[in-house]
Amino acid sequence: MAMIDILIVSRVLGLVDALGQYEGFQVTSVPSVERAAELLAGGMKPRAVYIEDTCGSIDEIWRVVTVAQQQRIAVLIGLQLAESARRADFHDSGLEVTNLRGAGDLAYWIAYQLGARLRAGERQVMITVAGAKGGIGKSLVVALLAEGMRRRGLRVLLVDGDLSNSGVVPTFRIPAACPSYLQIVGDALARGDDQIWNAQTIRRYIYRHQPSGIDFLLGSEETTDARDLQRTEWQSFMRAVRSLNEYDVVLLDTGPEIKKRPYSILAARDGAWVVLPTPPGRKERIGVGNMLRVMQTAIAACDLSERCMLLYMEPEHGAAVTVDQIAPLFARHFPQVRTLGRLPRAPRQVSAADEEGDRYISPLDLAPHSSFSRAVHQIVDRLCREVDLAPPQPMPRFSLLQRLQGDRKILNISSAMPSLGHEV
């Protein structure tokens, strides 16, 4: 990524350090608007200037704006003291203006304006599973990807971002009493702690799921504290998650409310990849198309659909429309979007795992050699190659006999009569 030289005139403590969390920034900080004007007049030509009215008068700021615009330098304005009329003047001149005061939030806003991405922890890759419509198989897909990557030796953290209808908690049989990241703010207030969005704090809320070996940050409304996070809180939370160095992969499960909780859009803007489960049905494919169009236009001058990957979901037998019919349509309308492959239907295999009472069991273990399980491993392998991950373990291999018998046998499990389960 190209370097972003930026001249900062600010009294916000920690702003320079907060900008260091983003890729490509080279920061020069000066104490006054007058000093900034001297540097620009002396030939300094950064890509951008951020100026606050706490460091000089409005007239001095306008002088810097004039010089910067003559040199085609982007100017960002922080107004913490000026009245609304002054704010309108800057807006009318085409300048980006904010009144944010916190170092983390302000750094995010500056990075957003200049197209800089958040630095991830060493080796960490973030992948979101998203959709603009519920009921498309998103929870199944995120669980299978997490399972498949963990079995390849990758260290996986799954963040539950579907706060309206979590599929992660019931899928993995996670007890309702487990900690939720929604409790972070309340717990911090009780402790009198105002520095909550950091890796050290986040680690306290990680749930380690022994049967699968996958770690979780849970956000289900079934937890004892069901409050939502404001958008700025969510962004701070995800910055802390991205700083965790102990994971190779962070999988983010998101809900369909892309306007209220645009988590996949924000993640893609910070360099994450987006997997879109894509059934061929009319409502489902329209939802995927809408999601891709949002990705194309959500960020000015930045087509986030380039970071999207379609995972086609085979329909029920006898469906009027097939994957073979809709795949060319997506390829024609969204040529920059990648394809991960197809996930075949395996209703008996998935249902048998889902009905296993309070004990978690993966569909991959019920029929390890089935066409469904083989497809999951192939999809995971393709995904790792697309996002430049190198799993320590090779992809499972299957003999000809295993492939021939794979769909004929599902291992016996101890399911009795269906029950309500602990989650209700």
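**Briefing on a predicted protein chain**

Residues 24 or more positions apart account for 75% of the contacts in the protein chain with a separation of 6 or more. The model is predicted. Its protein chain has 424 residues, and 50% of them count as buried. The secondary structure of this chain comprises 17 helices and 13 strands.

**Surface of the chain**

- The area that the protein chain exposes is about 19700 Å².
- Carbon and sulfur atoms supply 49% of that exposed area.

**Gly-14 and its surroundings**

- Gly-14 is located in a loop, with strand 1 (4-9) on one side and helix 1 (15-19) on the other.
- The relative accessibility of Gly-14 is 38%, a value between the limits of 20% and 50%, and the residue therefore counts as partly exposed.
- Gly-14 and Gly-102 lie 88 residues apart along the chain, and a distance of 8.7 Å separates their C-alpha atoms.

**Cysteines and disulfides**

- The number of disulfides in the structure is 0.
- A disulfide is a covalent bond that joins the sulfur atoms of two cysteines.
- Cys-178 has a relative accessibility of 10%; because this is under 20%, Cys-178 counts as buried.
- Cys-308 is likewise buried, because its relative accessible area is 0%, which is also under 20%.

How values were computed: Residues numbered from 1 in each chain as written. Predicted model: local features only at pLDDT ≥ 70, side-chain atom pairs only at ≥ 80, totals over all residues. Heavy atoms only, no water. Helix = DSSP H or I, 4+ residues; strand = E, 2+ residues; numbered from the N terminus. Buried < 20%, exposed > 50% of the residue type's maximum accessible area, 1.4 Å probe, protein only. Contact = heavy atoms within 4.5 Å. Areas by Shrake-Rupley, 256 points an atom, 1.4 Å probe, with all protein chains shown as cover. Disulfide = S-S within 2.5 Å.
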